[in-house]
Amino acid sequence: MFKLNTLQTCAAAAAALALLYSGLLFWGGMPGTSSMPGTDPGPPVARADSPPAPEPAGGNAPAVEDQPLFEGNINSLPPETIVKLLAFLDSPIAGATIQMTDGQLPGAPRPHRNGIHQGIDYYHGFSGVPIRAGTEVLAAADGLVIRIDHDFTELTPEQHAAYRRLSVQAPDTPAEILDKFRGRQVWLKHRGQVITRYAHLDEVATDLSAGDLVYAGRQIGTVGNSGTSQAAAGIPGEDHLHFEIWLNEFYLGEGLPPDDIRYILRGILE
Ligand SMILES: [Zn+2]
């Protein structure tokens, strides 16, 4: 079952009030502009001509497109700069730390599908907190839901094997096959055109739809193993969160050495 505990509900209510009060949300501009909380004095009371504040969840988000946080490949910047730019992101699993081996990081080879890993794998035993099927997965920042897989059908073992064969024969894992291997997913779009993806989910929040706004820390799903060969075979195992951060068609960590990636991830997510 999907439920919010009291603490989360209080936090959610506080966040919702903050959003409603600011009326500007995070699309207001680049970090450091007047839309940042605490820097914009704002009107003391809502004026009659104020635009209606969007609903934090359940309403349709305005299709406001702000400027990318950075033009081009964010991985070309010094690691310290990347950390500063993405510091608004938090861990998608409460209290999790970055202890990942190289193979759990972006850029790791995936020979079984002739491809490259584009995300971060939060496994039990490598993340400082228990991670099991059903562990809560949280929005890494305020964002707009751009994909949430309510209708999801697990691959059969035959389909999974067939996709793997096709993938190995291709020069790189084809995008549509990689999408199958990510299983049940949620994608969020944040300020500065940053996108986060949450994959292999067991469940997704039943009360969220594409177009909804979520605030940082809001539960969007639970850890699972969807999309893995274990899930296709209907057997337990491989439960973990696969988490990706994207900007301008580049995933965070693309082409970087593992030590730099760990430094960046610790800087932004811990
Ligand atoms: Zn992964």
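This tour goes through a predicted model, from the whole chain to its core, one sheet and two loop residues.

**Whole chain.** Start with everything displayed. The chain has 270 residues, of which 39% are buried. Colouring by secondary structure brings up six helices and 12 strands. Among contacts with a separation of 6 or more, 74% are between residues 24 or more positions apart.

**Nonpolar core.** Next, select Val 137, Ala 139, Val 186, Tyr 198, Val 214, Ile 220 and Leu 241. These residues have the most contacts inside the largest nonpolar core, which has 46 residues. Now add helix H6, residues 258-269: five residues of this core come from that helix, the largest share. As background, nonpolar side chains in soluble globular proteins tend to be buried together.

**Tyr 198.** Keep Tyr 198 on screen and hide the rest of the core. Which residues is Tyr 198 in contact with, leaving aside neighbours within four places in sequence? The list consists of Pro 92, Val 137, Gln 185, Val 186, Ile 220, Gly 221, Leu 241 and Phe 243. Val 137, Val 186, Ile 220 and Leu 241 can be left highlighted from the core selection, since they are also named among its residues with the most contacts.

**Sheet E4-E10-E8.** Select these three strands, which form an open antiparallel sheet in that order. Strand E4 (136-138) and E8 are the edge strands; each has a single partner strand, so each has one side without a neighbour in the sheet. From one strand to the next, the twist averages 35°. Zoom in on E8 and strand E10 (residues 219-223), where three bridges make up the antiparallel pairing. Glu 203 can be picked out here, opposite Thr 222 in E10.

**His 200.** Go to the loop between strand E7 (195-199) and strand E8 (201-204), where His 200 is found. Although not a glycine, His 200 has a positive phi of about 65°. Is this residue, His 200, buried or exposed? His 200 counts as buried because it has 27 C-beta neighbours inside 10 Å, and the cut-off for buried is 20 or more.

**Asn 114.** Finish at the loop between strand E1 (109-110) and strand E2 (115-116), which holds Asn 114. Here too phi is positive in a residue other than glycine: the value for Asn 114 is near 55°. Most residues other than glycine have a negative phi. Asn 114 has 17 C-beta neighbours inside 10 Å and therefore counts as partly exposed.

Technical notes. Residues are numbered from 1 along each chain as its sequence is written. This is a predicted model: local features need pLDDT of at least 70, side-chain atom pairs count only at pLDDT 80 or more; totals for chains, interfaces and linings use all residues. A nonpolar core is a set of buried Ala, Val, Leu, Ile, Met, Phe, Trp, Tyr and Cys residues joined through C-beta atoms within 7 Å. A residue is buried if 20 or more other C-beta atoms lie within 10 Å of its own, exposed if 12 or fewer, and partly exposed in between; C-beta atoms are placed from the backbone. Helices (H or I, at least four residues) and strands (E, at least two) are DSSP runs, numbered from the N terminus. Two residues are in contact if their C-beta atoms, placed from the backbone, lie within 7 Å. Two strands pair if DSSP finds at least two bridges between them. Axes are lines fitted to C-alpha atoms, for helices over the stretch in contact, and angles run from 0 to 180 degrees between N-to-C directions.
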